[in-house]
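User: I'd like to learn how to read a model like this one, feature by feature. Can you walk me through it?

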Amino acid sequence: MVDRGAKGGGPTSAAHGRPARTPLRGRAAELGGALEALRSARQGQPTLLVVSGEPGIGKTALTQAVAEQAHRGGFAVARSTAYAADRVAPLASLGPGLRSGADPLIGSADFMGLAELHGQPLWLVERLATLLEQRAEERPLLFTVDDAQWVDPLTFFALRLLPGRLAASPVVWLLATREVPGGPADQIAEAAGRDVPVVRVGLAALTDDAVLAMAVDRLGPRPDPEVLRRLGRTGGSPFLAAQLLDGLFAPDAAGHAAPSLPTGLVEGVRRRMTATSKECRDLVRAAAVLGPLSVLPDIAHLLGRGPGSLTDPLTESIEAGLLADDGAGVRFRHELLREAVYEDIPPSGRRAWHRAITEHFLASGRGPAAAAPHVLATAQPGDTTAVDLLREAAHEVIATMSITSAAFIRQAFDLTAEDDPRRPQIGAEVVEVLVSARQYAEAGAFADRVLPLATDPDQVATVQLALMPRLWAAEEFGELADRAADVRAAGAAPAPTARLAAYRALAGTSAEAADDALAAARRAGDVTATVVAHAAVAVQAERAGRYATADHAYGRAREAAAGADGGVGAPVTGQLELRGLLARARLDDVEGVLAELADAPPGDPRFPEFWQAPQVAWVRACLCLGAGRLDEAAGHATRSLQLMDDVGDRAFERHVRHVLAEVALLRGDREQARTHLAAVESRGGALPVARALLAQAEGGPRGAAALVRLLAAEGSSEVTEWVPWPDQLLVQAACSARRADDAEVERAAAGRLAELAAASPGVTSLQAAALIAGGGKAAAPAAAVEMLRGTPRILLLAYAQEEFGRGELADGDRATAVAALDEARDLFAGAGASTAATRVQRVLQAAGVRRRRWPTVPERPLGGWEALTEMERRVALLVADGHSNRSAAAELVLSPSTISTHLRAAFSKLEVHSRVQLAKVVLRHGADDAGRTGDAGDDPRAPR
């Protein structure tokens, strides 16, 4: 094992400048915990290790010791180190680990392929997870990231997701980090903890005995008493102890071990450098200003010398224990050493160095982003050159490093003088970049801050329009209407004026306003305004139940968008595509749309933005709900919530929770429905329609009335969730009111359904729904039954059969009634709608129907084998049989990421953390299901 005090701070070999091998002292318990994680990984259980402590406490030494043990134990080991400058390069903190060692985890071709996905991080993670899973099939993996507090944004995103994606693979993740509460490591651990065990290892100061052992290792069995006395003032810091033993740290009598940069260390480094040549000192100082990792040509340029002439000074700095050369570049043995050198350079000298580095980076084509950290090191408020360079840097990295882009543009704004006429324009750029970085709350708040600075209507329009595509996608119609009606934008140019008018129409409730906006957009000749106006026509048509018109209008919007260059306020084309699919599904093409979406791979060109993945899953959930496939609806909705966590955007949560609450109530699980309502309400939201459904399910006298009133007002500000199938809920309310003799509510529900049927005369399911709710003789429900047999609306058909059977029973035709009610019960039970199935069963029993054994109505618990959906069981059986995610995906014609989602759900329900544990559960419970599950493909209603 190696004790370098952290980052190679131990004694060095004079010949090679490499740390001498010494034991790792005082960390037996911590090392033991880490090695236990390696042993668990051998049994298939992944783990996330978080090693934390102050600078110099020995995090790197412990990480190196774990890596050496893992390598000896047959692990494939990947090691990365994050640097403070990583934020300007995507995957800078993770990429080197993927390619490190003689046998890198990922081949060069696959690694280069990841570069194409830097702008689509979710798809990058899916691809990376597949590649790492393949390697983990060969042998277990250990992936370490040192100084994780500095990981770049894309690495941070990947590390948040990868442990969960690889929850069924033998992978140990080790993050070494400074103690930063709520920092990257804490957030990664919080995300991973939902799927894999998290082990935290906090490193405290070494004991006196451990420090003494370090001295004996280096100085022999009898260290000088004065050395021991001075070691006592290091505060148990292994780094400072190692530096003292090497002569780089000389604490004063009071001791200075606690501060992050002890005075004695600065003085010790200064003394060590004084003993070196001027050329060596210049090289070390240049390296300190360049950053934690630099390359020799850059140092040579700054010193005005040829790279070859620096060989001797570099060797001298290595032998002095200050620098190391790992072939990729020159780095300090520890970040604290670099900070000590940097601190010892006079401020004016540091500024001169940073300016020279900025000029060099720009002249050599490195780009504004690479130079930005050095600009920020010297910039002062009012520095217009710095402002311009930071703006360029922000736009340079916006496609691949949007979070870094947002940081740069905000710093540019902060440096802009109050009286600079460009300040409003730069403020508008901040809003646009924040939206691109999906920092929507910050974008809205910053817009309100910068709007008072606007000096003309066009600036107001630009700022407001930047926010509007997101507001529409999130269905924040109230805020959208307010921003689109901002009077300060009056008098703006024709194009932005037309766009604002189109968004006002989209947020409103008037079909005439939408038509007027479309005409105005065409007069202005603005394609973006035309796209939004077509979308407004579609939205108003949806609200009125004119689904064919909506489908057509969305199609026109997509056609217009295909020929547009976008611009501020342009909606995302994927949003138009998804809303169009929902409109088409309401034309009784649910199965066709589901089939179309089933073939959509990650990165589908129709939905190019990775952050749309939660919305795509939500749309699938809506479609499955309409088709009566409740298990699949719940599965897609749950995946949507998981994807929201992945991308850090919960805009659609209330819509997804509505689907989950509706499914829960159909299954008879009121407690689960309340859980979903509470999740939304705890964040200040509301699900009024779902709340009315719950009240109805609980027998409240006002539940059905509230439900009908809300559905009649669909599209108003009162209804905050998107209701996928209002016709189905209106039928449910009408039937419930009929059985409660509430004629007023029954008439209201039937009236609304009649309006919807009249608005879409070609939609069979709507015509049938109106017949079911209309009441009257059994002829109406009978006609509805025949109409619905040719549609995918299983639950509507079940309601029709139930009403027909009840009517026939009342008319005395018992045989016909029993046949209809039997089918209704079976349809409800097959869909998993246990509440309705039980209700119909009671009607049959009250009518004197006796069965030797009534078929069981499925009631799925929250945990255990019976809690698994059919698809989760199929995945569990395949994985327990030795399949990888990849081969299981091929077997079931699904994507590996979908398999991962089902596997994670199965792990959670079964309370297991590895494939081995899963196999044991399958052996106990799954044998009886194997044959039945294997034939599921013959069932046309089985998950695909």
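**Confidence first**

Analyst: Let's start with a weak spot: over residues 254-259 pLDDT stays under 50, and the model has nine contacts beyond four places in sequence for them. This is a predicted model, and where pLDDT is low, the predicted coordinates should not be read in detail. Residues 1-19 also stay under 50, with 71 contacts beyond four places in sequence.

User: Which elements have the lowest and the highest mean pLDDT?

Analyst: Helix 47 (residues 927-934) is lowest at 48, and strand 4 (residues 171-177) is highest at 96. Across the protein the average is 87, with 92% of the residues scoring at least 70.

User: On to strands. Which side chains of strand 2 are buried, and which are not?

Analyst: The general idea: in a regular strand the side chains alternate between the two faces of the sheet. Here, in strand 2 (residues 76-81), Ala-76, Ala-78 and Ser-80 point to one face and are buried; Val-77, Arg-79 and Thr-81 point to the other and are not. Strand 2 runs parallel to strand 3 (residues 141-146), joined to it by six bridges. Thr-81, for instance, has Asp-146 as its bridge partner in strand 3.

User: And helices? What covers the buried residues of helix 38?

Analyst: The cover includes helix 27 (547-562), helix 36 (726-739), helix 37 (743-759), helix 39 (779-788) and helix 40 (794-811). Among the buried residues of helix 38 (residues 764-774) are Leu-766, Ala-769, Ala-770 and Ala-773.

User: How should I read a salt bridge?

Analyst: Side chains of opposite charge can pair when their charged atoms come close. A search of the whole structure finds 56 salt bridges. Take Arg-674 and Glu-698, which meet at 2.3 Å, N to O. Arg-674 lies in helix 33 (residues 670-681) and Glu-698 in the loop between helix 34 (688-697) and helix 35 (703-712), so the pair ties together parts 24 residues apart in sequence.

User: What about a pair within one helix?

Analyst: An α-helix has 3.6 residues a turn, so residues three or four places apart point the same way. Look at Arg-806 and Glu-802, a salt bridge at 3.1 Å, N to O. Being four residues apart in helix 40, they are separated by about one helical turn.

User: Is Glu-802 buried or exposed?

Analyst: Buried, because its relative accessible area is 0%. Arg-806, at 21%, is partly exposed. Both belong to a network of salt bridges that also links Arg-738, Arg-739, Glu-746, Glu-803 and Arg-839.

Methods
Residues are numbered from 1 along each chain as its sequence is written. This is a predicted model: local features need pLDDT of at least 70, side-chain atom pairs count only at pLDDT 80 or more; totals for chains, interfaces and linings use all residues. Side-chain values use heavy atoms; hydrogens and water are left out. Buried means under 20% relative accessible area, exposed over 50%, partly exposed in between (1.4 Å probe, protein chains only). Helices (H or I, at least four residues) and strands (E, at least two) are DSSP runs, numbered from the N terminus. Two strands pair if DSSP finds at least two bridges between them. pLDDT is the predictor's confidence in each residue, from 0 to 100. Contact means heavy atoms within 4.5 Å. A salt bridge is a side-chain nitrogen of Lys or Arg within 4 Å of a carboxyl oxygen of Asp or Glu.
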